[in-house]
Amino acid sequence: MYSNELVDTVRALFEGDRGLLAMDESDHTCNKRFAAAGIVQNEENRRAYREMIITTPDLNEFIGGVILYDETIRQATCEGTPFVQVIREAGIIPGIKVDLGEEDLAAHSGEKITAGLDGLRERLTEYSKIGARFAKWRAVIALGEDIPSRGCIGANMQALARYAALCQEVGLVPIIEPEVLMEGTHSLARCREVSEEVLRTLFIELFHQGVTLEGLILKPNMILPGLICPHQESVDEVAEATVRTLRRVVPAAVPAIAFLSGGQSGELAAARLNAMNAKFKGDLPWILTFSFARAIQHPAMEIWNSQKSNIPAAQLAISHRAKCCRDARRGEYSKAMEIESR
Ligand code: 13P
């Protein structure tokens with residue numbers, strides 16, 4: 001039997017058609033994004049940036065859960081209130097990224113395996129005590145001439161399944177993120193073929209590891225042509241290919257699918273999610289929603305630029321993107337929303 005606690009957490013996260021905000025960039029990734037935006041890379045700036053995000057007024061209208069990073073879940077506002085308390089008091093559920101990033105997969109040139117299973121049981125127990133109610137683990141699958149290999153898919157999907165079982169053991173909902181990367185020249189058809197194999201392998205591993213489908217969230221990529229593929233399908237074609245693939249491989253017992261944005265612009269990610277919900281909502285066994293990082297935060301980071309005086313404008317940008325995503329979850333997003341906000 002699956003635990004009621006897991007099911008309750010999933011329900012609360014997505015109540016009111018909300019989605020998730022992935023603000024769990026590692027120090028390294030956050031610094032890389034700061035560098036690209038010309039922001040000084042240090043702990044205080046990372047703290048201030050995250051404080052700006054979680055204190056966005058009325059964020060809970062659109063966002064049901066935020067995914068934090070190890071550094072962030074231990075931080076506090078400049079007045080000393082722990083972030084976890086601020087998040088909870090805002091009516092949002094805190095979660096935590098628990099993988100330790102990718103490393104080279106031995107004997108598989110150009111492929112990665114996600115690290116972090118050793119000691120994970122203890123880390124999950126600690127995060128749960130700090131206040132996390134859900135967790136996230138990302139596996140990356142790159143596309144190329146001879147990749148991905150069976151070895152890479154198999155090892156990563158087994159790691160995801162073992163992570164998910166450990167989460168459920170301590171009452172944390174696992175977000176399971178098998179990301180087929182957008183980088184490359186590959187076609188949409190190739191992304192669909194690989195994503196289908198990845199997801200099929202994942203659900204076999206989840207079954208073998210005893211993971212309860214009713215108590216997890218799947219965080220997949222949309223089915224997209226590679227970033228530099230000469231042919232780019234329309235929003236409707238992407239929506240149809242994505243839903244068709246998910247229907248073939250994701251069991252109906254899974255309550256929610258929350259997409260990653262993977263480097264799509266905020267507008268495209270919202271338009272594609274919107275097209276899926278506008279066309280298929282009411283005819284799908286799972287919730288189709290969002291768990292975006294870049295597609296929600298990116299404009300706000302540039303506006304904020306580490307200046308206190310920019311906080312209100314940056315928070316408006318966060319709210320705007322989060323509202324667009326919530327409306328896309330409802331199939332009610334339109335391009336006009338972008339124009340109105342300018
Ligand atoms: P993006 O939406 O920027 O792809 O990030 C999602 C995420 O959580 C990556 O692990």
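**View 1. The two faces of strand 7 in this predicted model.** Take the residues of strand 7 in turn: Val173, Ile175, Glu177 and Glu179 point one way. Pro174, Ile176, Pro178 and Val180 point the other way. Whichever way they point, all of them are buried. With 8 of the 8 residues buried, strand 7 is largely enclosed by the rest of the structure.

**View 2. A closer look at glutamate 177.** This glutamate sits in strand 7, which covers residues 173-180. Its relative accessible area is just 3%, and buried means under 20%, so glutamate 177 counts as buried. What does glutamate 177 touch, leaving aside residues up to four places away in sequence? Its contacts are Lys136, Trp137, Arg138, Ala139, Leu160, Lys219 and Leu260.

**View 3. Strand 6 alongside strand 7.** Here strand 6 (residues 134-141) runs parallel to strand 7, and 8 bridges join the two. Pick out alanine 135 and you'll find its bridge partner in strand 7, proline 174. Add helix 7 (residues 150-169) to these two strands and you have a right-handed β-α-β unit.

**View 4. Strand 7 meets strand 8.** Strand 8 takes in residues 217-218, and it pairs with strand 7 in the parallel sense over 2 bridges. Isoleucine 176 has leucine 218 as its bridge partner in strand 8. To get from strand 7 to strand 8, the chain passes through helix 8 (residues 188-208), and this β-α-β crossover is right-handed.

Definitions and conventions: Residues are numbered from 1 along each chain as its sequence is written. This is a predicted model: local features need pLDDT of at least 70, side-chain atom pairs count only at pLDDT 80 or more; totals for chains, interfaces and linings use all residues. Side-chain values use heavy atoms; hydrogens and water are left out. Helices (H or I, at least four residues) and strands (E, at least two) are DSSP runs, numbered from the N terminus. Buried means under 20% relative accessible area, exposed over 50%, partly exposed in between (1.4 Å probe, protein chains only). Contact means heavy atoms within 4.5 Å. Two strands pair if DSSP finds at least two bridges between them. A crossover is right-handed if, with the strands pointing away from the viewer, the path from the first strand over the helix to the second runs clockwise.
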